[in-house]
Amino acid sequence: MKLDSNRPDFALQARRQNWEGMRQLKASTWVDLLQLPNPYSFDEALLLCPVSEDEWLVWIPDHGEALLHRRQFRY
């Protein structure tokens, strides 16, 4: 498949798709971690705030704050 980057709405379409998923996520929401940061930490994280379109600052009990990519947790 060839991408047509000459289309005027090419960048906007990709950006809209990413932000659609971000709208579902809200700060103060608990999410399930797909991989534990250490063997003693909880398997859930509290979303604190978005850092970018695909990353969130989270708090993990018995670990502390961490920066996670969206593919590292399930909501």
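Which residues form a nonpolar patch on the surface, and with about how much accessible area together? Keep that question in mind; Exercise 4 works it out.

**Before you start**

This is a predicted model, where local features need pLDDT of at least 70, side-chain atom pairs count only at pLDDT 80 or more, and totals for chains, interfaces and linings use all residues. Residues are numbered from 1 along each chain as its sequence is written, and side-chain values use heavy atoms, with hydrogens and water left out.

**Exercise 1. Describe the overall build of the protein.**

Step 1. Start with the helices and strands, which are DSSP runs numbered from the N terminus (H or I, at least four residues, for helices; E, at least two, for strands). The protein has one helix and five strands, and along the sequence they follow the pattern α-β-β-β-β-β.

Step 2. Now see how the strands are arranged. Two strands pair if DSSP finds at least two bridges between them. The five strands form an open sheet in the order 4-3-2-1-5, with antiparallel pairing. Strand 4 and strand 5 are the edge strands, since each pairs on one side only. As background, strands of a sheet pair through backbone hydrogen bonds, either parallel or antiparallel.

Step 3. Finish with the totals. Buried means under 20% relative accessible area, exposed means over 50%, and partly exposed lies in between (1.4 Å probe, protein chains only). Of the 75 residues, 24% count as buried. The accessible surface comes to about 5700 Å², and 51% of it belongs to carbon and sulfur atoms; such areas come from the Shrake-Rupley method with a 1.4 Å probe, and for residues only the protein chains shown count as cover.

**Exercise 2. Follow D32 to its partners in the sheet and find the salt bridge.**

Step 1. Look at strand 1 and its neighbours. Three bridges join strand 1 to strand 2 (residues 44–50), and the two run antiparallel. Two bridges join strand 1 to strand 5, again antiparallel.

Step 2. Place D32 between these neighbours. Its bridge partner in strand 2 is E44, while in strand 5 D32 stands opposite R74.

Step 3. Check the side chains. A salt bridge is a side-chain nitrogen of Lys or Arg within 4 Å of a carboxyl oxygen of Asp or Glu. The structure holds one salt bridge. D32 forms a salt bridge with R74, and their closest N and O atoms are 3.9 Å apart. Because D32 lies in strand 1 (residues 30–33) and R74 in strand 5 (residues 73–74), the pair ties together parts that are 42 residues apart in sequence. Side chains of opposite charge can pair when their charged atoms come close.

Step 4. Add the accessibility. D32 counts as partly exposed at 30%, and R74 counts as partly exposed at 49%.

**Exercise 3. List the largest nonpolar core and say where its residues come from.**

Step 1. Recall the rule: a nonpolar core is a set of buried Ala, Val, Leu, Ile, Met, Phe, Trp, Tyr and Cys residues joined through side-chain atoms within 4.5 Å.

Step 2. Name the members. The largest core has 11 residues: L25, V31, L33, A45, L47, W56, V58, I60, A66, L68 and F73.

Step 3. Sort them by element. Strand 1, strand 2, strand 3 and strand 4 (64–69) each give two or more residues to this core, and the largest share, three residues, comes from strand 3.

Step 4. Zoom in on L33. Contact means heavy atoms within 4.5 Å. Not counting residues up to four places away in sequence, L33 touches F42, D43, E44, A45, I60, L68, Q72 and F73.

**Exercise 4. Return to the opening question about the surface patch.**

Step 1. Know the rule: patches are made of residues with over 30% relative accessible area and no salt bridge, where like charges are joined within 9 Å and nonpolar side chains (Val, Leu, Ile, Met, Phe, Trp, Tyr) within 5 Å.

Step 2. Give the members. W30, L48 and W59 form the nonpolar patch, with about 290 Å² of accessible area together.

Step 3. Locate two of them. W59 sits in strand 3 (residues 55–60) and is partly exposed, with a relative accessible area of 37%. W30 has L46 as its bridge partner in strand 2.
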